[in-house]
Amino acid sequence: MRLVFKDFPLPSHTLAMPAHEAARCAGAQDRYWPYHDRLFEHQPDFQREQLIGYAAGLGLDRERFTRCLDEHAQRPAVEASVAEARALGVTGTPTFFVNGLKLVGAQPVEAFRAAINEALSR
């Protein structure tokens, strides 16, 4: 079993793209998941100074992080993730795929159990 997380910033949320870029900038310093979690704790507070503050609070190199964010160094990776999602028919979040089976929206744990069990039985 493998979990793959993809970026899909929603256009209706104007600060989603910077937040996704920021998470990837944190990932460049091996802190993607702690930063990701911090974003979910503080959403929708995704202004530039807040994004930098979250990074500093996690012990990231502030100057390196800020440069990454301001230069949009991770934007091509985020855009590639969005293109991949769109090619798979993703139109919103959350969307999950379990061995090709698409689960859209918040799902009960039973739906995931059933999808995983089906995939394992193949």
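The following paragraphs lead through a predicted model of a protein chain, from its overall build to its open and enclosed spaces and then to its charged pairs.

The chain contains six helices and two strands. Read from the N terminus, these elements follow the order α-α-α-α-α-β-β-α, with two strands set between the fifth helix and the last one. The C-alpha trace extends over about 50 × 25 × 20 Å along its principal axes. Of the 122 residues in the chain, 30% are buried.

The search for empty space comes next. Rolling a probe the size of a water molecule over the atoms shows where empty space is left. The largest pocket found in this model has a volume of about 1400 Å³. Its lining is made up of 38 residues, and those nearest the centre of the pocket are Val4, Phe5, Lys6, Thr95 and Phe96. Several elements give two or more residues to this lining: the helices α1 (16-27), α2 (32-42), α5 (75-87) and α6 (109-121), together with the strand β1 (95-98). By class, the lining consists of 25 nonpolar, nine polar and four charged residues.

Two of the residues nearest the pocket centre may be examined individually. Phe5 belongs to the segment before α1. Its relative accessibility is 36%, and Phe5 is therefore classed as partly exposed, since that class lies between the limits of 20% and 50%. Phe5 also takes part in a nonpolar surface patch of about 360 Å², which it makes together with Leu3 and Trp33. Phe96, by contrast, is located in strand β1. With a relative accessibility of 32%, Phe96 likewise counts as partly exposed. How far apart in space are the C-alpha atoms of Phe96 and Val4, given that the two residues are 92 residues apart in sequence? The C-alpha to C-alpha distance is 9.6 Å. Both Val4 and Phe96 are among the residues that lie nearest the centre of the largest pocket.

Enclosed space forms a separate category. The model has one cavity of 30 Å³ or more, and the space within the largest cavity is about 30 Å³. Val98, Asn99, Leu101, Ala115, Glu118, Ala119 and Arg122 line this cavity. Helix α6 supplies the largest share of the lining, with three residues. Four of the lining residues are nonpolar, one is polar and two are charged. Helix α6 thus appears in both descriptions: it gives two or more residues to the lining of the largest pocket, and it provides the largest share of the cavity lining.

The charged pairs remain to be considered. Side chains of opposite charge can pair when their charged atoms come close. The model has eight salt bridges. One of them joins Asp7 and Arg24, whose closest N and O atoms are 2.4 Å apart. This pair links distant parts of the chain, as Asp7 is in the segment before α1 and Arg24 is in helix α1, 17 residues apart. Asp7 has a relative accessibility of 2% and so counts as buried, whereas Arg24, at 24%, is partly exposed.

A second salt bridge connects Glu21 with Arg75, and here the closest N and O atoms are 2.6 Å apart. Because Glu21 lies in helix α1 and Arg75 in helix α5, the pair ties together parts that are 54 residues apart in sequence. Glu21 is buried, with a relative accessible area of 2%, while Arg75 is partly exposed at 28%. Helix α1 accordingly holds Arg24 of the one salt bridge and Glu21 of the other.

A third salt bridge lies within a single helix. Arg38 pairs with Glu41, and the closest N and O atoms are 3.8 Å apart. Both residues are in helix α2, three residues apart, which is about one turn of the helix. Which of these two residues is exposed and which partly exposed? Arg38 has a relative accessible area of 23% and is partly exposed; Glu41, at 57%, is exposed, because its value is over 50%. In addition to these pairs, salt bridges that share partners join Arg48, Glu49 and Asp70 into one network.

Definitions and conventions:
Residues are numbered from 1 along each chain as its sequence is written. This is a predicted model: local features need pLDDT of at least 70, side-chain atom pairs count only at pLDDT 80 or more; totals for chains, interfaces and linings use all residues. Side-chain values use heavy atoms; hydrogens and water are left out. On a 1 Å grid over the protein atoms alone, a cavity is a set of points where a 1.4 Å probe fits but cannot get out, and a pocket is an open set with protein on both sides within 12 Å along at least five of seven lines; lining residues have an atom within 4 Å of a point. Grid points are joined across faces, edges and corners, and a volume is the space filled by probe spheres set on the points. Helices (H or I, at least four residues) and strands (E, at least two) are DSSP runs, numbered from the N terminus. Ala, Val, Leu, Ile, Met, Phe, Trp, Tyr, Cys and Pro count as nonpolar, Asp, Glu, Lys and Arg as charged, and the others, Gly among them, as polar. Patches are made of residues with over 30% relative accessible area and no salt bridge: like charges are joined within 9 Å, nonpolar side chains (Val, Leu, Ile, Met, Phe, Trp, Tyr) within 5 Å. Accessible areas come from the Shrake-Rupley method with a 1.4 Å probe; for residues, only the protein chains shown count as cover. A salt bridge is a side-chain nitrogen of Lys or Arg within 4 Å of a carboxyl oxygen of Asp or Glu. Buried means under 20% relative accessible area, exposed over 50%, partly exposed in between (1.4 Å probe, protein chains only).
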